[in-house]
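The following exercises concern the fold, the ring contacts, the salt bridges and the surface of a single chain. Each task is followed by a worked solution.

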Amino acid sequence: MKIRLIILLFCLPLAAFGQSKVQTQERPGLLWYYSGFRPFKDTDRRKYDRLILDFTYNDWLGDNGPFENDWRSIGFSASLNKDIQLEARENICFGLGIGYSYLNHRTPRVFYVTQFDAVQASIPSPSDSILSSFLTIHQFYVPIELRLRSKGWKHKKLILGMRLGIQPMMNVSSFRRIDEEVKYSEVKLKEQYDWFYLSTYLRLGFRNWSLFFSYQPLTLFSTTGSVNIQPIQMGLSLALF
C-alpha cells in the first residue's frame with residue numbers, strides 16, 4: 001500500500017507538468033489561461049497574435065533618405081486584434097483590430113514651415129547651432145490582416161496587412177546651443193499634412209516573434225511645395241497572446 005502511495009505521489013507532478021506543457025504549447029504568450037467571460041472553445045486554442053507590440057527603426061523614402069536618420073530614431077506601435085479563423089482551417093485566417101503608433105525620426109535635416117505654408121527640410125550649415133532635430137508623429141489606426149501560418153504551436157507565419165487611420169498630431173522640434181545654453185523649440189504642424197493615412201506592412205516569423213516592415217505610400221506633407229517623403233519602418237514584433 002505504501003509503495004502504491006509513493007508511486008502515485010511521484011506521478012502526480014509529472015502529469016501536471018505534462019498537462020501544463022501541452023496547454024502552454026497550444027496558447028503561447030501571456031494570458032494563456034484567460035478566456036474572458038466564457039469558457040474556451042476548441043478554436044480558441046489555435047488563436048495567436050491578438051496583442052502585438054512593434055519596436056521599429058523609423059526612416060523614409062522620397063526626396064530625403066533613406067537611411068540618413070540617426071539609429072536612435074526608435075518608435076513603437078501596439079494593436080489589439082481579433083483572430084478570425086475560417087471554418088475548419090488553421091493555417092489561413094484574418095486579423096482586425098485597433099492600434100496606436102508613435103513614429104520618432106531623429107534626422108540630420110531641419111524641418112521648417114515656409115511663408116507659403118509648405119514644409120521643407122535642409123541640412124544645417126556647420127556654423128549652425130543645431131544639436132539635433134526631430135520629426136514625431138502620433139497615429140491611431142485600424143489594422144486589417146491576412147494571416148498565413150503553418151499548423152502546430154511551433155508555427156511559422158506570414159502576415160500581410162494595411163493600416164487605415166488618422167494622424168492627429170505631428171511635430172517638428174530641435175535642440176540648439178545658444179550662449180552656452182541648450183534650448184528646445186517645437187512647432188506643431190496643423191494644416192501642412194493630411195490627418196488620414198494609409199500604410200502597408202508585413203510580418204515574417206515564428207511563434208511570438210517576427211520581423212516587421214512597413215511602408216506608407218502617400219506623401220507625408222500634402223501642402224503644395226512641401227518636401228516629398230513616405231515613412232518606412234523596420235523592426236521586431238512581439239505577440240503577447
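In these solutions, a residue is buried under 20% relative accessible area, exposed over 50%, and partly exposed in between (1.4 Å probe, protein chains only). The model is predicted: local features need pLDDT of at least 70 and side-chain atom pairs count only at pLDDT 80 or more, whereas totals for chains, interfaces and linings use all residues. Residues are numbered from 1 along each chain as its sequence is written, and side-chain values use heavy atoms, with hydrogens and water left out.

**Exercise 1. Describe the overall make-up of the chain.**

Step 1. Helices (H or I, at least four residues) and strands (E, at least two) are DSSP runs, numbered from the N terminus. On this basis the chain has one helix and 11 strands. Their order along the sequence is α-β-β-β-β-β-β-β-β-β-β-β.

Step 2. The chain has 241 residues, of which 39% count as buried. Its exposed area is about 14000 Å², with carbon and sulfur atoms supplying 66% of that figure; such areas come from the Shrake-Rupley method with a 1.4 Å probe, and for residues only the protein chains shown count as cover.

Step 3. A contact means heavy atoms within 4.5 Å. Among contacts between residues at least 6 apart in sequence, 66% join residues at least 24 apart.

**Exercise 2. Classify the ring pair of Trp60 and Phe111, then that of Tyr100 and Phe140.**

Step 1. Rings of Phe, Tyr and Trp (its six-membered ring) pair if their centres lie within 6.5 Å; planes under 30 degrees apart are stacked, over 60 edge-to-face, and the rest tilted. Six aromatic pairs are present in the structure.

Step 2. For Trp60 and Phe111, the ring centres are 5.7 Å apart and the planes stand at 85°, so this pair is edge-to-face. Because Trp60 belongs to strand S1 (residues 51-62) and Phe111 to strand S4 (residues 110-113), the pair ties together parts 51 residues apart in sequence. Trp60 is buried, at 2% relative accessibility, and Phe111 is buried as well, at 8%.

Step 3. For Tyr100 and Phe140, a centre distance of 5.2 Å goes with planes at 50°, so this pair is tilted. Tyr100 in strand S3 and Phe140 in strand S6 are 40 residues apart, and the pair links these distant parts of the chain. Tyr100 is partly exposed at 23%, and Phe140 is partly exposed at 43%.

Step 4. Ring pairs also connect Phe76, Tyr100, Tyr102 and Phe140 into a cluster.

**Exercise 3. Locate the salt bridges that join separate parts of the sequence.**

Step 1. A salt bridge requires a side-chain nitrogen of Lys or Arg within 4 Å of a carboxyl oxygen of Asp or Glu. The structure contains nine of them.

Step 2. Lys157 and Asp49 form one, with their closest N and O atoms 2.7 Å apart. Since Lys157 lies in strand S7 and Asp49 in the loop between helix H1 (2-26) and S1, the pair ties together parts 108 residues apart in sequence. Lys157 and Asp49 are both buried.

Step 3. Asp83 and Arg147 form another, at 2.6 Å from N to O. This pair links strand S2, which holds Asp83, with strand S6, which holds Arg147, 64 residues apart. Asp83 is buried at 2% relative accessibility, and Arg147 at 1%.

Step 4. Arg203 bridges to Glu145, the closest N and O atoms being 2.9 Å apart. Arg203 is in strand S9 (residues 196-206) and Glu145 in strand S6, so parts 58 residues apart in sequence are tied together. Arg203 and Glu145 are buried. Salt bridges with shared partners unite Asp54, Asp83, Glu145, Arg147, Arg149, Arg163 and Arg203 in one network.

**Exercise 4. Over which rings does Arg163 lie?**

Step 1. A charge sits over a ring if NZ of Lys or CZ of Arg is within 6 Å of the ring centre and within 35 degrees of the ring normal.

Step 2. The charged end of Arg163 is over the ring of Tyr141, 4.2 Å from its centre. Arg163 also lies over the face of Tyr201, at 5.1 Å from the ring centre.

**Exercise 5. Which strand supplies the largest share of the nonpolar patch?**

Step 1. Patches consist of residues with over 30% relative accessible area and no salt bridge; like charges are joined within 9 Å, and nonpolar side chains (Val, Leu, Ile, Met, Phe, Trp, Tyr) within 5 Å. The nonpolar patch on this surface includes Leu80, Phe94, Val142 and Met162, and its residues together have about 800 Å² of accessible area.

Step 2. Strands S2 (74-85), S3 (92-107), S6 (130-149) and S7 (156-178) each supply at least two residues of the patch. The largest share, three residues, comes from S3.

Step 3. Ile98, a member of the patch, is found in strand S3. Ile98 counts as exposed because its relative accessibility is 57%.
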